Amino acid sequence: IVMVLLIALYAYGLFFQVIENTGWNNHLLDFKYLYRPIGFLNNTWNSFLISFQGILILALYYYREKKMLRFCIFLAIVGVTLNILLTFSRGAYIALAFWLAGIAILLFSPVISLDVKKKVGIIISFTLLLSMSLLPQHTIKNVYETIQFSKTVSQQRSTAGRINSMQAAKEVFKNHIVTGVGQGNYSLAVNPYLFENDDVTFTSFASSSVVQLGVEKGMIGLLIWGGILISFFILFIKEKRKDFYSYAILISLIAIGIRELFFATFFEYLGQAIIVFTLLAIYQNRYTEIPTIKLNFSKRSNLAGIFILLILLCVFITYLKNKQDTDTGLNRKYLECIQTNQLDSAEYYINRSSGNQPNLINKSMLKWLQYKTDEDTASLYIAKACLQKAIAQNPNDNLLKYNLAMVLKQEGKKDSAMWIVKQLSDAFPDNALYHTGIYCIEKGEKDKQERKKHLL
């Protein structure tokens, strides 16, 4: 954790240097989306930081008798707090404030021994003071603006985008109330309600994990995960001998939950889920008596059957993983060739990949570029076939339909192209792309002044 924090602080230094060179160093808050430590989005990074606090407070309690380790953990907690402050995230600030307040109340409660209060409480007290004192001078103004929540235009647009996203998510949830739209399809599901309207403030990320769970998993997902959450709280309430571990894990999980209410990372990033499950495992591991189910493997045939089943399952998972990794590598090389205009090499790589939707889209783009280069109608026909297959796999992707219309226009089938784009423009009248498409298709057939209405 310490190494990651140091890298993140160095990344922040580079970020500030770039902003300073442009003369906007007093407005870091408006450019925070450019700050991507460790390759993560700013909002994703501060969600991990909140999770790190839970791991570190448990480590601090466990190693409270060892001075050197206690000092190292203290520096790590200071580093996490400082990094959270430098993300300028309102949701992260709220989660951090709850975590600090929760730990402070815990340390003042009578259930904690005096020894723990001294060794842990003093460190937590100095953490906030040292973190604030280490803040660079140029960030204090931005931290103050962040805690005002809606002062800057960026904050106002972010809030408007989240409200619009939740309204769209409500409509999607009503249409897919039982099973949802499937894992990873949130942005695609809300797209017709938001992105198709150019006048609506839009964010492609779920406003919270609860919203994402409802859209992607429906009522089934909400009931399952809600049951897990309720089970944990019931287990905590029934626990008779609660100690610092119990309360610290509870406070940390609630802080993570608060952060997830402002930005969804739990279902998007495996690392965040692993940290949460680690905290739950630590909590469960404190129980000495755990109900178990005994399986009778007296017959060797049963044991051999289970062993063979596990081997086959491992082989199947390995096959799928290798296939995915191969496609990812081929797609990366394909994109590199496209960027350098090496169309023959790009075709070699795309032909070796599987026929899933992303590769069909890439192949259609390649054939379109080849047609633009040599005007071979065979390339145009292949591009059309790939788009049609991709649309068949995902009929909700309107951009593919628009691209198909442009291919049909190039083939001379303007009526078919117009029919597709007209459907899209009627369904989404505030999308400028579709009106521009109609303007292009009508070129040469209608008066220029008449076509201009689509551009207006």
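The legends below describe three close-up views of a predicted model.

**View 1. The surroundings of Asn 362 in helix H14****.** Helix H14, which spans residues 357-374, holds Asn 362. With a relative accessible area of 11%, Asn 362 is buried, because that value falls under the 20% cut-off. When neighbours within four places in sequence are left aside, the residues in contact with Asn 362 are Asn 331, Tyr 334 and Ile 350.

**View 2. Ala 11 of helix H1 and its contacts with Tyr 35 and Pro 37****.** Ala 11 belongs to helix H1, which covers residues 2-21. Apart from neighbours within four places in sequence, Ala 11 is in contact with Tyr 35 and Pro 37. Along the chain, Ala 11 and Gly 39 are 28 residues apart, and a distance of 9.8 Å separates the C-alpha atoms of Ala 11 and Gly 39.

**View 3. The second largest pocket and its lining****.** The second largest pocket contains about 670 Å³ of space, and of the 21 residues that line this pocket, Trp 225, Leu 229, Leu 253, Gly 257 and Glu 260 are the closest to its centre. At least two lining residues come from each of helix H9 (209-238), helix H10 (244-260) and helix H11 (270-284), and H9 gives the most to the lining, with 10 residues. Sorted by class, the lining of the second largest pocket comprises 17 nonpolar, three polar and one charged residues.

Technical notes
Residues are numbered from 1 along each chain as its sequence is written. This is a predicted model: local features need pLDDT of at least 70, side-chain atom pairs count only at pLDDT 80 or more; totals for chains, interfaces and linings use all residues. Side-chain values use heavy atoms; hydrogens and water are left out. Helices (H or I, at least four residues) and strands (E, at least two) are DSSP runs, numbered from the N terminus. Buried means under 20% relative accessible area, exposed over 50%, partly exposed in between (1.4 Å probe, protein chains only). Contact means heavy atoms within 4.5 Å. On a 1 Å grid over the protein atoms alone, a cavity is a set of points where a 1.4 Å probe fits but cannot get out, and a pocket is an open set with protein on both sides within 12 Å along at least five of seven lines; lining residues have an atom within 4 Å of a point. Grid points are joined across faces, edges and corners, and a volume is the space filled by probe spheres set on the points. Ala, Val, Leu, Ile, Met, Phe, Trp, Tyr, Cys and Pro count as nonpolar, Asp, Glu, Lys and Arg as charged, and the others, Gly among them, as polar.
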